[in-house]
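Please follow this account with the model open beside the text, moving from the surface charges to the packing inside and then to the charged pairs.

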Amino acid sequence: MEKMIIINGEKYQIDVDSNMPLLWFLRDRLEITGTKFGCGAGLCGACTVHVDGVATRACITPVGVLADKKITTIEGLSETGEHPLQKAWVENNVPQCGYCQAGQIMNAASFLQQNPTPSAEEIDTAMQGNICRCGTYQRIKKAVADAADELAKEVS
């Protein structure tokens with residue numbers, strides 16, 4: 001029986017070893033390269049994607065357990081870069097080297113779906129697992145707060 005996976009709204013057959021990490025399936029098999037390799041142990045968050053809307057580390061998630069799941073990568077968050085988080089990232093000049101940013105944004109997007117009106121402390125806690133070697137944490141926190149404000153305006 002063929003196993004299928006849905007990535008950014010498109011169906012793909014899982015035609016690799018079921019133990020292959022999702023990260024390598026995305027990058028090497030499908031050439032969807034926005035998701036980055038960081039530590040390879042699920043500790044830094046550079047590889048964060050959404051699995052059915054939940055932030056998940058692609059480097060430690062075997063593709064075989066994802067049959068019929070909906071995966072969203074940074075490319076699928078917004079085709080035009082118009083997601084409030086992406087706009088807030090630009091407005092707050094968040095990226096320096098940019099390497100961790102896709103994972104940061106994907107973690108923040110999942111967090112804001114679960115908690116659309118977070119406190120500063122809740123943002124700190126939610127973003128703790130994503131490491132930025134450039135140290136742009138203050139700008140990341142500001143961008144997440146700004147995006148939450150923007151999302152709240154869209155709802156009201």
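In this predicted model, a patch of negative charge on the surface is formed where Glu91, Asp149, Glu150 and Glu154 gather. The element that gives the most to this negative patch is helix α6, which spans residues 137-155 and supplies three residues. One of the patch residues, Glu154, is found in helix α6, and its relative accessible area of 52% places Glu154 in the exposed class, because that class begins over 50%.

The same helix also has a residue that is hidden from the surface, for Ala143 lies in helix α6 and is buried, with a relative accessible area of 0%. Leaving aside residues up to four places away in sequence, Ala143 touches Leu85, Ala88, Trp89, Asn92 and Val94. Val49, by comparison, is separated from Ala143 by 94 residues in sequence and by 19 Å in space, taken from C-alpha to C-alpha.

Elsewhere in the chain, helix α1 (residues 22-29) has Leu22, Leu23, Phe25 and Leu26 as buried residues. The buried residues of α1 pack against four strands, namely β1 (4-7), β2 (10-13), β3 (48-51) and β5 (70-72). Just after α1, the backbone at Glu31 takes a positive phi of about 60 degrees.

It remains to consider the charged pairs. Side chains of opposite charge can pair when their charged atoms come close. With a nitrogen-to-oxygen cut-off of 4 Å, the count comes to five salt bridges, of which three are described here.

Within helix α6, Lys142 and Asp146 lie four residues apart, about one turn of the helix, and they form a salt bridge whose closest N and O atoms are 3.0 Å apart. Both partners are partly exposed, Lys142 at 43% relative accessibility and Asp146 at 22%.

Lys141 forms a salt bridge with Asp124, again with the closest N and O atoms 3.0 Å apart. This pair links distant parts of the chain, since Lys141 belongs to helix α6 and Asp124 to helix α5 (residues 120-127), with their positions 17 residues apart in sequence. Lys141 counts as partly exposed at 27% relative accessibility, and Asp124 is partly exposed as well, with a relative accessible area of 30%.

The side chains of Glu82 and Lys87 also meet in a salt bridge, at 3.8 Å from N to O, which falls within the 4 Å cut-off. Glu82 counts as partly exposed at 46% relative accessibility, and Lys87 likewise counts as partly exposed, at 34%.

Terms used: Residues numbered from 1 in each chain as written. Predicted model: local features only at pLDDT ≥ 70, side-chain atom pairs only at ≥ 80, totals over all residues. Heavy atoms only, no water. Patch = residues over 30% accessible without salt bridge, like charges linked within 9 Å, V, L, I, M, F, W, Y side chains within 5 Å. Areas by Shrake-Rupley, 256 points an atom, 1.4 Å probe, with all protein chains shown as cover. Lys, Arg positive; Asp, Glu negative; His and termini not counted. Charge placed at Lys NZ, Arg CZ, Asp CG, Glu CD. Helix = DSSP H or I, 4+ residues; strand = E, 2+ residues; numbered from the N terminus. Buried < 20%, exposed > 50% of the residue type's maximum accessible area, 1.4 Å probe, protein only. Contact = heavy atoms within 4.5 Å.
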